[in-house]
Structure formats: C-alpha cells, structure tokens
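User: I would like to go through this model by question and answer. Keep the replies short, and end each one on the value or name I ask for.

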Amino acid sequence: MTENSGLAEFKQGISLLRDGHSSEALEYLRRASQLKQQNPYYLSFLGVAMARAERNWPAALELCKTAASMRRNEAQLYVNLAEVYVSAARRNDAVETLDTALKYCGADARITRIRAKLGKRSSPVLPFLDRGNALNRSLGKLRHRMLRREARPGGPGKVSQAGTPTFTS
C-alpha cells in the first residue's frame, strides 16, 4: 500500500512540477520521499522542487547529489543536479556534472542537448586583463559577432559553387 501511495504522490508531484507549480509539487514530492526514503528519483525531483520553490540551494544540491551517487548510470539524476546548479548560478559545476554524466551514462540525448546549451566560455581576448574589463568585454563581443558571421552559410571566406569567394555585409 505504501509503495503505491508513494508512487501516486510522486507522479502528482512530477505533473505539478512540469506545469510550473513548484510549491504544490514540493509537498507531494516530500510525502513521496518520506514514504520511500531510498528512492533516488524521489530524492532528486524533491531537490529540483526545493530549488525552484524555496531556492534552498544547499538542501536541494545535497538531495540531488545523494540521488546521483545512488544510481551513477541514470541520466535524469544528473540532469536534475545540473538544473539545480544552474538555478543556483553555479554554471561551471553544472557543466562539470554533465561531463561526468557523459562518462557514466554514455551519449544520452538529454545530457548532450543541455551540455550544448550551456556551452563553454571562451578565454578573455586579452588574458592579462580581468574578464569583466570593459576592453575585454568589447573585444569579446566583437569576436563573438565575427565567429557567428563566419559560421553562417555563405559567410566570409566561403566559396560559391561558381568558385568565387562570397562575402556578406
């Protein structure tokens, strides 16, 4: 009986979480995790709900880390941990978590997609200046625009089918 009610609480919590009702989801997920304390999914999603509803980063991170350590080869647990890191403004930890997940879970589509969205920051244009320096920021924006322009089809340096270089303005 406890198993079924815990699962029902969990499903209701996930549904509420998916619909953006984090506070309501938190209560269902708390009850589910109390009924079945060693279920890593219950703990992990409780951590996500806690992060979204209460912004209780330390407790949310602890729940998600515990869950991921219980099942190292489960991609969703790493995705949840990375989400909590991102919401706690710890982007580098999220990237590291997803890189670890790729080792344990292989090329899971969810992990790969989220990892690509987070990307990797380029080094400062002038490494002897702070990243936040106005000159580095301006040059970095310029570099970004130039790289983006080159990546477009038909961008500078591309050769047309006729064999002539094409340039965009």
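User: What is the handedness of the crossing of H2 and H3?

Analyst: This is a predicted model. Here H2 and H3 cross, and the handedness of that crossing is left-handed.

User: How do H2 and H3 run relative to each other, roughly parallel or roughly antiparallel?

Analyst: The two axes come within 9 Å. They cross at roughly 150 degrees. Angles over 145 degrees count as roughly antiparallel. H2 is therefore, relative to H3, roughly antiparallel.

User: At about what angle do H3 and H5 pack?

Analyst: The axes of H3 and H5 are 10 Å apart. H3 passes H5 in a left-handed crossing. The two helices are roughly parallel. Their packing angle is about 20 degrees.

User: Which salt bridge links H3 and H5?

Analyst: One partner, Glu83, lies in helix H5, and the other, Arg52, in helix H3. They are 31 residues apart. Their side chains meet at 2.7 Å, N to O. The salt bridge is Glu83 with Arg52.

User: Are Glu83 and Arg52 buried or partly exposed?

Analyst: Buried needs under 20% relative accessible area, and exposed needs over 50%. Glu83 has 29% relative accessibility, so Glu83 falls in between. Arg52 has a relative accessible area of 37%. Glu83 and Arg52 are partly exposed.

User: How many secondary structure elements of each kind does the chain have?

Analyst: From the N terminus on, the order of elements is α-α-α-α-α-α-α-α-β-β. The totals are eight helices and two strands.

User: What percentage of the residues of the chain count as buried?

Analyst: The chain has 169 residues. A residue is buried at under 20% relative accessible area. The share of residues that count as buried is 32%.

User: How many aromatic pairs are there?

Analyst: Ring centres must lie within 6.5 Å to pair. By this rule the count of aromatic pairs is three.

User: What kind of aromatic pair do Phe10 and Tyr42 form, stacked or edge-to-face?

Analyst: Their ring centres are 4.6 Å apart, and the planes differ by 25 degrees. Planes under 30 degrees apart count as stacked. The pair of Phe10 and Tyr42 is therefore stacked.

User: Which helices does the pair of Phe10 and Tyr42 link?

Analyst: The two residues are 32 residues apart, in distant parts of the chain. Phe10 is in residues 2-18, a helix, and Tyr42 is in the helix of residues 40-54. The helices are H1 and H3.

User: What is the relative accessible area of Phe10?

Analyst: Phe10 is buried, and so is Tyr42. Buried means under 20%. The value for Phe10 is 13%.

User: Which residues form one aromatic cluster?

Analyst: The cluster includes Phe10, which lies in helix H1. Tyr42, in helix H3, also belongs. The members of the cluster are Phe10, Tyr42 and Phe45.

User: How far apart are the C-alpha atoms of Phe10 and Tyr41?

Analyst: Along the chain, Phe10 and Tyr41 are 31 residues apart. Their C-alpha atoms are separated by 9.0 Å.

User: What is the angle between the planes of Tyr78 and Tyr104?

Analyst: Tyr78 is in helix H5 and Tyr104 in helix H6, 26 residues apart. Their rings form a stacked pair, 6.4 Å centre to centre. The angle between the planes is 10 degrees.

User: Which of Tyr78 and Tyr104 is buried?

Analyst: The cut-off for buried is under 20% relative accessible area. Tyr104 has 44% relative accessibility, so Tyr104 counts as partly exposed. The other ring has a relative accessible area of 3%. The buried residue is Tyr78.

User: Which residue forms a salt bridge with Arg31?

Analyst: Arg31 lies in helix H2 and its partner in helix H1, so the pair ties together parts that are 22 residues apart in sequence. The closest N and O atoms are 2.8 Å apart. The partner of Arg31 is Glu9.

User: Arg31 lies over the face of which residue?

Analyst: Arg31 is partly exposed, at 35% relative accessibility. Its distance from the ring centre is 4.8 Å. The ring belongs to Tyr28.

User: How many salt bridges are there?

Analyst: One of them joins Arg110 and Asp108, with the closest N and O atoms 3.2 Å apart. Salt bridges that share partners also join Glu27, Arg30 and Glu54 into one network. The count of salt bridges is seven.

Terms used. Residues are numbered from 1 along each chain as its sequence is written. This is a predicted model: local features need pLDDT of at least 70, side-chain atom pairs count only at pLDDT 80 or more; totals for chains, interfaces and linings use all residues. Side-chain values use heavy atoms; hydrogens and water are left out. Rings of Phe, Tyr and Trp (its six-membered ring) pair if their centres lie within 6.5 Å; planes under 30 degrees apart count as stacked, over 60 as edge-to-face and the rest as tilted. Helices (H or I, at least four residues) and strands (E, at least two) are DSSP runs, numbered from the N terminus. Buried means under 20% relative accessible area, exposed over 50%, partly exposed in between (1.4 Å probe, protein chains only). A charge sits over a ring if NZ of Lys or CZ of Arg is within 6 Å of the ring centre and within 35 degrees of the ring normal. A salt bridge is a side-chain nitrogen of Lys or Arg within 4 Å of a carboxyl oxygen of Asp or Glu. Axes are lines fitted to C-alpha atoms, for helices over the stretch in contact, and angles run from 0 to 180 degrees between N-to-C directions. Angles under 35 degrees count as roughly parallel, over 145 as roughly antiparallel, 65 to 115 as roughly perpendicular and the rest as oblique. A crossing is left-handed if the near helix is turned anticlockwise from the far one by less than a right angle, and right-handed if clockwise.
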